[in-house]
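Trainee: Got a minute? I'd like to walk through this one with you.
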Amino acid sequence: MSTIEQAAERREDPGYTVGLDIGGTKILGALLDTSGAVVATTRLATELGPDGVVRSAARAVRELADPATVGGVGLGIPGIIDVAAGTVRHAVNLGIADELPLADRLSAALDGVPVVVENDLNVAAVGAAHVLEREAMSDDAAREHEDLAFLALGTGVASGLVMDGRLRRGVTGAAGEIGHVPIDPAGPECPCGQRGCIETFVSGTALAQAWPARHGKPAPVELFEAAASGDAEALRVRARFADAVAAAVRLLVLTVDVHYVVLGGGVAQLGEPLLDVVREALREQAKVSGFLASLELPGRVRLAPSDIPVAAVGAAVLGRRDEEAEAGGAASSSDTASSSGRTASSETDMRADDRGGALTWRS
Ligand SMILES: [Zn+2]
């Protein structure tokens, strides 16, 4: 069988796709079937260092499926990612300093299954779009869900952007780094060198400083409990936090007018109480502005699904997309408008671009 025939057959039956969300302590994995449904998940401890990360990622994939039935693997990982090359470097929490050819190393450990690598925030945005789209009933609603910002409220604050069904990485990969937009010139100093960045009011780190935990629970939980019981200082700290999250939401919508802003990350585990205070802050801010009110910001804010590992799901979506792109590229010798005239480097660029293309799941 020729390479083109093999690629065509693979495209008809891509099999399962695996996505992994690789963090400093654990790997979350999701197995998607050909319809894009999550059919299995897994969770295991991350082994640190280059060899450990490859070894534990391979184990996570094998826990979910026989690699022979897997059409593609996607990885979401913190650090500096070269999507086209499939490499990661400076992933401090994983014990990776120098450039690691993670896609090639993992592919070799999985008998040649194609592997793509993407940053952890982008896979979360893609996963949220995929999950919300599948929950939506109508086609119109599904398209709405391919337009969102995933606002991660974790140790730091940043957003991943899916716009018009495409992942927006930015020219240098910095799209959505809104945690370092200053909102108060008199605010606290930020490690980035500026003053009053959104991150200095909103991050888990900032909350732990403003309201240190005293009862062994996460600081955001203790803050919200104290505020709910009427503690004046807790109410003040919570209001400042909610105003800053609302500022981030407003910034995202006014800049790129995304349909939804999905709140995720560790702080978002607060759940509905978080959504309530953020929506209330948005309503307050809109009282003085008919323009802001017309944007209907409170209705655009959502919580990330808490029962599904969205980042792992998003990694799987991107893993499958790459498999499609490769099949398309290999079969394109009969397509006069495609790869034959490109240089090797532009081919790589196009493939990288393709991965950020339309995210609709095609089965
Ligand atoms: Zn900053």
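Mentor: Sure. Keep in mind that this is a predicted model. Let's start with two helices: Arg-238, Ala-242, Asp-243, Val-245, Ala-246, Val-249 and Arg-250 in H9 meet a set from H10, namely Val-277, Val-278, Glu-280, Ala-281, Leu-282 and Gln-285.

Trainee: What's the mix by class where H9 contacts H10?
Mentor: Eight nonpolar residues, four charged and one polar.

Trainee: And at what angle do the axes of H9 and H10 cross?
Mentor: Roughly 70°, with the axes of H9 (residues 232-256) and H10 (residues 272-286) coming within 8 Å. Angles of 65 to 115 degrees count as roughly perpendicular, so H9 is roughly perpendicular to H10.

Trainee: OK, switching to strands. What's the order in the open sheet of five?
Mentor: S3-S2-S1-S4-S7, and the pairing is mixed. At the edges sit S3 (38-45) and S7 (115-119), each pairing on one side only. From one strand to the next, the twist averages 20°.

Trainee: How do S4 and S7 pair, parallel or antiparallel?
Mentor: Parallel, over five bridges, with S4 covering residues 70-77. Look for Val-73, which stands opposite Val-115 in S7.

Trainee: Which strands does helix H3 touch?
Mentor: S4 and S7; H3 (residues 102-109) packs on the sheet there, and its direction makes about 140° with that of S7.

Trainee: Zooming out, how many helices and strands does the chain have?
Mentor: 13 helices and 12 strands. The chain has 363 residues, and 40% of them are buried. Of the contacts between residues at least 6 apart in sequence, 64% join residues at least 24 apart.

How values were computed
Residues are numbered from 1 along each chain as its sequence is written. This is a predicted model: local features need pLDDT of at least 70, side-chain atom pairs count only at pLDDT 80 or more; totals for chains, interfaces and linings use all residues. Helices (H or I, at least four residues) and strands (E, at least two) are DSSP runs, numbered from the N terminus. A residue is buried if 20 or more other C-beta atoms lie within 10 Å of its own, exposed if 12 or fewer, and partly exposed in between; C-beta atoms are placed from the backbone. Two residues are in contact if their C-beta atoms, placed from the backbone, lie within 7 Å. Axes are lines fitted to C-alpha atoms, for helices over the stretch in contact, and angles run from 0 to 180 degrees between N-to-C directions. Angles under 35 degrees count as roughly parallel, over 145 as roughly antiparallel, 65 to 115 as roughly perpendicular and the rest as oblique. Ala, Val, Leu, Ile, Met, Phe, Trp, Tyr, Cys and Pro count as nonpolar, Asp, Glu, Lys and Arg as charged, and the others, Gly among them, as polar. Two strands pair if DSSP finds at least two bridges between them.
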